[in-house]
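Got the viewer open and a selection box ready? Let's take a walk along the chain, one stop at a time.

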Amino acid sequence: SKTAENLKLGDKLNEGKTKQIFALPDEPGHVLVQSKDQITAGNAARKDQMEGKAAISNKTTSCVFTLLQQAGIKTAFVRQHSDTAFVADHCEMIPIEWVCRRIATGSFLKRNPGVKEGYRFSPVKMEMFFKDDANNDPQWSEEQLLAASFDLAGLHIGRCEVDIMNRSTVAIFEVLEKAWATQNCTLVDMKIEFGVNVTTKEIVLADVIDNDSWRLWPAGDRSQQKDKQVYRDLKEVTPEAMQMVKRNFEWVAERVTLLLESQVSGRVVVLMGSTSDMAHSEKIRKACSSHGIPCFLRVTSAHKGPDETLRIKAEYEGDDVPTVFVAVAGRSNGLGPVLSGNTAYPVVNCPPITPDWGAQDVWSSLRMPSGLGCTTVLSPDAAAQFCAQIFGLKDHLIWAKLRASMLNTWISLKQADQKLQACSL
């Protein structure tokens, strides 16, 4: 990896209150985002130097972007470069702050008198604000954003683009909310910004997400807040007060690395009736690995060797690793029902259906004796997804991949429709 010394900096493209953006002549299409040791509130009406803030912010934002990127959400982040800088795709920024709220607090209460602090939004509440320091970042409606008719990096920001940003903000919020919940922290609200990647012309999450971007309440308790609100609330800025603010920021930067760690190590065990089911079983294994779940293949026939089937099952029950069994058996499926009748773990039937007898064979997976809870999923990909959804209940990283995949599917449908309309006009 390149060190700070040998990355050649080009022109300064932009400077904000807390960061500078530099061109990278040796890496066309990329920029360096350099954090500053400055903390501000109320559009810089209050601003102070906070020694070490650049490193804290850079660590926080690099971890958050890594988490989102691993889940499959498109971002501008490329890699962390140094303690205080990261490399990103060059984007033209869309001048809107997208705010997503789970709990009513702060400016929302001022704008909506009568709403009690702590009111919980389900689904989350979306708001947007036009970036305009002179007018204190006014709240905008979707209609105003459409009327502004922005063109950035050759992309017109119309209805489709606005919908994509709206949907993406909700997904990003939900992924981070789930992640922070693993640390017993409530993500109350957050603001993010999007840019248009100048190379691909795609809308991506850009800018930074650090401790200035959200409200975080440990154990859901506002009095323990760890975010920039602590600084905004200071009656006067004393060295002691700034030390307290810095300690909060450091607490967040330490915790944020834990968000990248899996909470549960589970596994899928595929039991197949014979090696002729290997190709079908391999598809399940491949799909499991795309969800980040280890998957093991075993061969056993409940009809021809029931004692062996139950011994293999016991092997995976005996070590306290959460397990989902997938039964792959053609013709008459004895495997799934026998497993299901003898384990308290979930069992999924995924029979390989053949054209000649498939319509008859499938009943051996569908119609069960009483007391059996196995489910049947025909597609290997869908069987793996079902396993991922079970593990996603406890593992935020698996859940995040599922959530990002839903978002990306929605976006590609939206874009396909837009392309089709453009052709038929």
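Start at Asn43: with 27% relative accessibility, it falls between the 20% and 50% cut-offs, so it counts as partly exposed. Keep in mind on the way that this is a predicted model.

**Two asparagines with positive phi**

While Asn43 is selected, check its backbone. Its phi is positive, about 50°, although Asn43 is not a glycine. Show the neighbouring secondary structure too: Asn43 lies in the loop between strand S4 (38-41) and strand S5 (46-49).

Now jump to Asn184. What sign does phi have there? Positive again, about 55°, and Asn184 is not a glycine either. Asn184 lies in a loop as well, between helix H4 (159-181) and strand S14 (185-197). Is Asn184 buried or exposed? Its relative accessibility is 52%, so Asn184 counts as exposed.

**A cis peptide bond**

Select Ser122 and Pro123 and look at the bond joining them. The peptide bond from Ser122 to Pro123 is cis, and its omega is near 0°. Pro123 sits in strand S10 (residues 120-130).

**The cavity**

Next, switch on a cavity display if you have one. How many cavities of 30 Å³ or more does a search of the whole structure find? The search turns up 1. The volume of the largest cavity is about 60 Å³.

To see its walls, select Thr18, Lys19, Ser35, Lys36, Lys53, Ser57, Thr61, Val208 and Asp210, which line the largest cavity. Colour them by class and you get 1 nonpolar, 4 polar and 4 charged residues. Which element gives the most to this lining? Helix H1 (residues 53-71) does, with 3 residues.

**Aromatic rings**

Show the side chains of Phe, Tyr and Trp. The count of aromatic pairs comes to 11. Zoom in on one of them, Phe65 with Phe86: the ring centres are 6.4 Å apart and the planes are at 35°, a tilted pair. Phe65 is in helix H1 and Phe86 in strand S7 (residues 85-89), so this pair links distant parts of the chain, 21 residues apart. Phe65 is buried, with a relative accessible area of 1%. Phe86 counts as buried too, at 1% relative accessibility.

Then move to Trp180 and Trp214. Their ring centres lie 5.6 Å apart with the planes at 85°, so this pair is edge-to-face. Trp180 belongs to helix H4 and Trp214 to strand S16 (residues 214-218), so the pair ties together parts 34 residues apart in sequence. Both of these tryptophans, Trp180 and Trp214, are buried.

Before you leave the rings, go back to Phe65 and Phe86 and add Phe77 to the selection: Phe65, Phe77 and Phe86 form one aromatic cluster.

**Two loop residues and two distances**

Select Gln225, which lies in the loop between S16 and helix H5 (229-232). Is Gln225 buried or exposed? Gln225 is buried, since its relative accessible area is 12%. Draw a distance from its C-alpha to that of Arg215: the two residues are 10 apart in sequence and 7.2 Å apart in space.

For another distance, pick Leu372, in the loop between helix H11 (363-366) and strand S21 (375-376). Leu372 has 22% relative accessibility, so it counts as partly exposed. Draw the line back to Trp180: their C-alpha atoms are separated by 37 Å, with their positions 192 residues apart along the chain.

**Helix H6**

Now pick out helix H6 (residues 239-258) and check its length. At 1.5 Å a residue, its 20 residues should span 28 Å, and the end C-alpha atoms are 30 Å apart, which agrees. Which residues of H6 are buried? Select Ala241, Met242, Val245, Lys246, Asn248, Phe249, Trp251, Val252, Ala253 and Val256. As you look down the axis, remember the geometry: an α-helix has 3.6 residues a turn, so residues three or four places apart point the same way.

**The last stop**

Finish by selecting residues 266-413, which UniProt lists as "domain: PurE" in an unreviewed entry. How much helix and strand is there over residues 266-413? The chain here is 49% helix and 15% strand, with the end C-alpha atoms 32 Å apart.

Methods. Residues numbered from 1 in each chain as written. Predicted model: local features only at pLDDT ≥ 70, side-chain atom pairs only at ≥ 80, totals over all residues. Heavy atoms only, no water. UniProt positions renumbered as here; feature names shortened; annotations may be inferred. Helix = DSSP H or I, 4+ residues; strand = E, 2+ residues; numbered from the N terminus. Expected span 1.5 Å × (residues − 1). Buried < 20%, exposed > 50% of the residue type's maximum accessible area, 1.4 Å probe, protein only. 1 Å grid on protein atoms, 1.4 Å probe; cavity = no way out; pocket = protein on both sides within 12 Å on 5 of 7 lines; lining within 4 Å. Points joined across faces, edges and corners; volume = space filled by probe spheres on them. Nonpolar A, V, L, I, M, F, W, Y, C, P; charged D, E, K, R; others polar. Phe/Tyr/Trp six-rings, centres within 6.5 Å; stacked < 30°, edge-to-face > 60°.
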